[in-house]
Amino acid sequence: MGRVAAAAAALVALVVLGAPPAAGAELSGVFQEMRKAECHFINGTEKVRFVERYIYNRVEYVMFDSDVGLYVGFTPFGEKQAQDWNSDPEWMENRRTVVDWACRHNYEISVPFIVDRRVQPRVSISLVPSSSQAGPRGLLCSVMDFYPARIQVRWFQGQQELSEHVVATEVVPNGDWTYQVLVLLETPPRRGVTYTCQVEHVSLEQALRQDWEMPADAARSKMLTGIGGLVLGSVYLALGLGFYVRKKSS
Ligand SMILES: *[C@@H]1O[C@H](CO)[C@@H](O)[C@H](O)[C@H]1NC(C)=O
């Protein structure tokens, strides 16, 4: 495996309310104490960093970083807390070995559903209408619901890569262990040219290529649809009038 960096964070949040909230009564205050424990994995379990943060009302006041090996305080209270912990050899021994008994241990048991997880992207191409002038503004390649996040999406015209006029969103997490990204080719597509959106992802054995060509004649098919509608409408109008006239004369 290449250079994989992952971070797992255990989060403990404790909210203490100033007073038991009676029905309709206003809270006198909200106090929030938060502790975060992060394991950073650099190239699997080869290099692991453990970071522990203590946060009170959104202010981080003391932290431990296994690369440093000591607690560091950021407020007067945090400095005092850091001093206390740093002078407790038993506790510091515990903190310095967290990378092994927590981080590496958790990594091994999480491998099947985090590191080895693969979900193939769904790829589709759509025309992007222009806001002002006539004709489309470009082509949008939608790459949906893949995992992990790392991905490469490129536009081609025939064999030639189009790297200019290409803009992409960030890779967006969907919140359900999948990601999406949109890649826009910002040039009006020309008739008779094949455009290809090419996606490379660890879940795919080979690059996925989705082709797109301007439909035969969009304007003419629209006009035919309109004419068809007009004819159908006229038939119904004639039928309706026929029934009306017959009913009235009978
Ligand atoms: C990642 O770790 C493996 C051993 O687990 C090692 O062989 C490889 O060289 C490392 N790769 C990098 C980029 O450090």
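Strands β4 and β5 of this predicted model form a hairpin in which 4 residues lie between the two strands. Within that turn, Gly69 adopts a positive phi of about 90 degrees. The pairing of β4, residues 59-65, with β5 is antiparallel and extends over 4 bridges. One of the positions that can be followed across the hairpin is Met63, whose bridge partner in β5 is Val72. Strand β5 itself spans residues 70-73 and has two faces: Tyr71 and Gly73 lie on the covered face, whereas Leu70 and Val72 lie on the uncovered one.

A second hairpin is built from β2 and β3, again with 4 residues between the strands. Here the turn residue with a positive phi is Asn43, at about 60 degrees. Strand β2 covers residues 30-42 and strand β3 covers residues 47-56; they pair in the antiparallel sense over 10 bridges. Across this ladder, Ala37 has Glu52 of β3 as its bridge partner.

Strand pairing also organises a sheet further along the chain. In general, the strands of a sheet pair through backbone hydrogen bonds, in either a parallel or an antiparallel manner. In the present case, 4 strands form an open sheet in the order β9-β8-β13-β14, with antiparallel pairing. The edges are occupied by β9 (160-162) and β14 (208-212); each has a single partner strand, and therefore one side of each is left without a neighbour in the sheet. From one strand to the next, the twist averages 35 degrees. At the β9 edge, β8 and β9 are joined in the antiparallel sense over 3 bridges, and Gln157 stands opposite Gln160 in β9.

Attention may now turn to the nonpolar interior. The largest nonpolar core holds 15 residues, and those that touch the most other members are Cys141, Val143, Ile151, Val153, Trp155 and Val181. Two or more residues of this core come from each of β7 (136-146), β8 (152-157), β12 (179-185) and β13 (195-200). A separate second core contains 6 residues, among them Tyr54, Met63, Phe64 and Tyr71. Two of these names have already appeared in the β4-β5 hairpin: Met63 as the bridge partner of Val72, and Tyr71 on the covered face of β5. Returning to the largest core, which residues is Val143 in contact with, leaving aside its neighbours within four places in sequence? They are Pro121, Val123, Ile151, Val153, Gln180, Val181 and Val199.

A helical position offers another view of the fold. Ala102 belongs to helix α3, residues 98-115. Is Ala102 buried, partly exposed or exposed? It counts as partly exposed, because 16 C-beta neighbours lie inside 10 Å, whereas a buried residue would need 20 or more. The C-alpha atom of Ala102 is separated by 8.5 Å from that of Cys39, although the two residues are 63 apart along the chain.

For the protein chain as a whole, the secondary structure comprises 4 helices and 14 strands. Of its 250 residues, 12% are buried. Among contacts with a separation of 6 or more, 47% involve residues 24 or more positions apart.

Confidence remains to be considered. The chain has an average pLDDT of 87, and 87% of the residues score at least 70. Over residues 1-19, however, the pLDDT is below 50, although this stretch has 33 contacts in the model beyond near neighbours in sequence. Where pLDDT is low, predicted coordinates should not be read in detail.

Technical notes
Residues numbered from 1 in each chain as written. Predicted model: local features only at pLDDT ≥ 70, side-chain atom pairs only at ≥ 80, totals over all residues. Core = buried A, V, L, I, M, F, W, Y, C linked by C-beta atoms within 7 Å. Contact = placed C-beta atoms within 7 Å. pLDDT = per-residue confidence, 0-100. Pairing = 2+ DSSP bridges. Axes fitted to C-alpha atoms, helices over the stretch in contact; angles between N-to-C directions.
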